[in-house]
Amino acid sequence: MGKIALLVSREEMLHQAHNILQEKKFRIQEMRVIETEHTVMEARRSIADGASIIIARGLQASLIKQYTDIPVEIVLTAQEMALLVMRARQIAGKPRPVIAVVGFKNMFCDMSFFDELYEIELRTYYASQGAELSEAARRAVEDGVDVIIGGDTAVSVATEAGVPSLFLSMTEDSMRQAFSMAESMEYAMNVEKKTAAQMETLLDYSFSGVIRLDGEGLVTAVNPMMEDMIGRGQVELKDKDIRSIAPMIGSEALH
């Protein structure tokens, strides 16, 4: 069974995680604060130590996804974003201020109605990868927004330009949700591994010929008995359309 690791950029996030674990014993086996520039190396270290799921946020989550493809991203809840927006309104000190949110789209909840709810003009500047964060923040500055909400990169750009900013701080809610999601994913992965192992045993020891297909009708596995019956090995048959192997199967039957 793999383990779940939490990698975060700030010490206070680690304190939040410890508080959550006092309430409920989530199966989080590793928790560390890491430097963003070392994210990929640290993620690979966790994987080498047995991590099958890594929980991270923002740029760190983006880097882990890009190079390892196994993160669970911490998504800010609507309540957390509402608190940030209200603080940004106070900082702006004017009616209907223009507030920019800078970051990765998957970091945020649905903010479709924030304009009406909080009497602001909310603009989002999303980046698809880490290298685009600075440019996204600079676009917000050039657009003349009143306050920028974002991570370390966005806050740094805003500070340099003299634009008020807020760091994307969070409460324990979003991390608690990430923990629950990670546990659900871990459970699903373990069930899938167990099912796959059972299927492989069935394929290897069945006295009948068995071909396993995907939803498109392509061969994913063939057991030894079927290899003998067809006279072709699994390597040759894998990813072939079943109808090229058994032409008597029509489209309707396959469906």
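These legends describe close-up views of a predicted model.

**View 1. Strand β3 and its covered residues.** Strand β3 spans residues 51-56. The strand is mostly covered, with six of its six residues buried. Buried here means that a residue has under 20% relative accessible area.

**View 2. Strand β3 paired with β1 and with β4.** Strands of a sheet pair through backbone hydrogen bonds, either parallel or antiparallel. Strand β1, residues 3-8, runs parallel to β3, and four bridges join the two. L6 has I55 in β3 as its bridge partner. Strand β4, residues 71-73, also runs parallel to β3, and these two are joined by three bridges. Here the bridge partner of I54 is P71 in β4.

**View 3. The open sheet of four strands.** The strands of this open sheet follow the order β6-β5-β7-β8, and their pairing is parallel. β6 (121-126) and β8 (165-167) stand at the edges; each has a single partner strand, so one side of each is left without a neighbour in the sheet. From one strand to the next, the twist averages 20°.

**View 4. The pairing of β5 with β7.** Three bridges link β5 to strand β7, residues 147-150, in the parallel sense. A100 stands opposite I148 in β7.

**View 5. Helices α6 and α7 on the sheet.** Helix α6, made of residues 133-142, packs on the sheet and touches β5, β6 and β7. The direction of α6 makes about 175° with that of β5. Helix α7 packs on the sheet as well, touching β5, β7 and β8. Between the direction of α7 and that of β8 the angle is about 160°.

**View 6. The largest pocket.** Rolling a probe the size of a water molecule over the atoms shows where empty space is left. The largest pocket has a volume of about 300 Å³. The pocket is lined by 20 residues, and the closest to its centre are R57, G58, L59, G151 and D152.

**View 7. The lining of the largest pocket.** At least two lining residues come from each of β1, α3 (58-67), β5 (98-103) and α7 (152-161). Strand β1 thus appears in two settings: it supplies residues to this lining, and it is joined to β3 by four bridges. Helix α7 likewise supplies lining residues and packs on the sheet. Sorted by class, the lining has 11 nonpolar, seven polar and two charged residues.

Conventions: Residues numbered from 1 in each chain as written. Predicted model: local features only at pLDDT ≥ 70, side-chain atom pairs only at ≥ 80, totals over all residues. Heavy atoms only, no water. Buried < 20%, exposed > 50% of the residue type's maximum accessible area, 1.4 Å probe, protein only. Pairing = 2+ DSSP bridges. 1 Å grid on protein atoms, 1.4 Å probe; cavity = no way out; pocket = protein on both sides within 12 Å on 5 of 7 lines; lining within 4 Å. Points joined across faces, edges and corners; volume = space filled by probe spheres on them. Nonpolar A, V, L, I, M, F, W, Y, C, P; charged D, E, K, R; others polar. Axes fitted to C-alpha atoms, helices over the stretch in contact; angles between N-to-C directions. Contact = heavy atoms within 4.5 Å.
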